[in-house]
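Trainee: I've got a model open and a stack of terms I half understand. Can we go through what each one rests on?

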Amino acid sequence: MNEFIDTLQSLWLESGLANMTWQSVIMILVSFVFLYLAIAKKFEPLLLLPIAFGMLLTNLPLTEMYHPELFDISDGKELDFGRILHEGGLLDLLYLGVKLQIFPPLIFLGIGCMTDFAPLIANPKSFLLGAAAQAGIFLTFLGAAFLGFTPQEAGAIAIIGGADGPTAIFVSSKLLGSGGYDVDTGTIALAAYTYMALVPIIQPPIMRALTTKKERAVVMTQLRKVSQTEKIIFPIAVTIIIALIIPSAAPLVGMLMLGNLFKESGVVDRICKTAQNELMNIITIFLGVSVGATTTADKIINKKFIMVLILGVIAFSIGTAAGVLFGKLMCLVTKGKVNPLIGSAGVSAVPMAARVSQKVGSEENPANFLLMHAMGPNVAGVIGSAVAAGVLLSIIPH
């Protein structure tokens, strides 16, 4: 009888319930909230759902799937791959793809296979709108540094303003890779994808506040047809130019443009379909679950995370506002030929930001069709956020 009781006591003491803390309970409830947003509200479900479930897994006591101490390389330590392979859990092994900056460029490869750069090629001025929308990144970087964040933390927080999840993960994993910071890749990714999902809510009030009814009703002329030769030359030229000027941006831009070259060349359909479907889906699962696993209680339940959320929405709002204001300038210079609303699509949330420009424009003029015009600055924003990431990585020690 005593042995039976001892066995029951041992089972209880080794159970997750016996080791549950109030921090674990809160984090599990937070994961439920993000699961609800992904499933019921369809907020960026492809990544928010695996991130939320990764958060759930890592905060269930004694699951032993993720060990943050294995990735701590502060104080001059180096990553011990042998120890990770022998002692690490499932999520530790998957997280290597984030830690070594493998997953984000592969996501960009798939995005490139699905992206049509024709609107940007047809209207090169869209590059200016995409560049203007990156203002939120650099202004927030200065603001975060002023508030006491380290340069590495400030850079990771600022990149949220690009509204590009893979870029945010890439930059934060590079800048915060040594550990010992109050924020980490998981919290940055969570904030980035939350605001990407909230694009239709955050952007319209800013767009309406900065434009007049007349400006929102501007009808733009149809874009010219782009030749196949232009579409093939574009990714090659962009890769060469950006890699020569900002080498740190080459992994993201290079993979993005390689994917687009797969698409536009017309000779590797099988590879293109694999990159934009099977490969993209597999990497999305691995990326989401492993990033979610890093969102432990000590990183979320603190004042710094609240500040990250606030600075993230500020960065995103400034980027949207800067794009719209530059659109107003272009409208003035072209004597009413550019609808300022397409400037808001200069943030990198493809194609959601372009759809928001279309929606707000059609509310003022139902005959207005801005989607293709907005896709120009939208895809320019993808390139712009990758370039901004390269600039941050070039100027911030890591």
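Mentor: Sure, let's begin with burial: buried means under 20% relative accessible area, exposed means over 50%, and partly exposed is in between, using a 1.4 Å probe and protein chains only. Keep in mind that this is a predicted model, where local features need pLDDT of at least 70, side-chain atom pairs count only at pLDDT 80 or more, and totals for chains, interfaces and linings use all residues. Residues are numbered from 1 along each chain as its sequence is written, and side-chain values use heavy atoms, with hydrogens and water left out.

Trainee: Why is Gln101 called buried?

Mentor: Its relative accessible area is 17%, and the cut-off is under 20%, so Gln101 counts as buried. Gln101 sits in the loop between helix 5 and helix 6; helices here are DSSP runs (H or I, at least four residues; strands are E, at least two), numbered from the N terminus. Gln101 also has a positive phi, near 55°, in a residue other than glycine.

Trainee: What makes Ala163 buried?

Mentor: Its relative accessibility is 2%, so Ala163 counts as buried. Ala163 has a phi near 55° too, positive in a residue other than glycine, and belongs to the loop between helix 10 (151-158) and helix 11.

Trainee: How do you know which residues Thr320 is in contact with?

Mentor: Contact means heavy atoms within 4.5 Å. Leaving aside neighbours within four places in sequence, Thr320 is in contact with Gln203, Ile206, Met207, Ser344 and Val347. Thr320 lies in helix 19 (residues 303-333) and is buried, at 0% relative accessibility.

Trainee: Why is Cys113 in no disulfide?

Mentor: A disulfide is a pair of cysteine sulfur atoms within 2.5 Å. The nearest cysteine sulfur to that of Cys113 belongs to Cys272 and is 4.0 Å away, so the pair misses the cut-off. By this rule the count comes to 0 disulfides. Cys113 is buried at 2% relative accessibility, and Cys272 is buried at 7%.

Trainee: What makes the largest pocket a pocket, and what is its volume?

Mentor: On a 1 Å grid over the protein atoms alone, a cavity is a set of points where a 1.4 Å probe fits but cannot get out, while a pocket is an open set with protein on both sides within 12 Å along at least five of seven lines; lining residues have an atom within 4 Å of a point. The volume is the space filled by probe spheres set on the points, which are joined across faces, edges and corners, and here it is about 790 Å³. Of the 28 lining residues, the closest to the centre are Glu44, Met114, Met280, Val350 and Pro351. Helix 17 gives the most to the lining, with 4 residues. Val350 and Pro351 are joined by a cis peptide bond, with omega about -10°.

Trainee: How do you know that the chain is as compact as a globular protein of its length?

Mentor: The radius of gyration is taken over C-alpha atoms, and the globule rule is 2.2 Å times the number of residues to the power 0.38. For 398 residues the rule gives 21 Å and the chain has 22 Å, which is close, so the chain is as compact as a globular protein of that length. The chain has 21 helices and 0 strands, and 54% of its residues count as buried.
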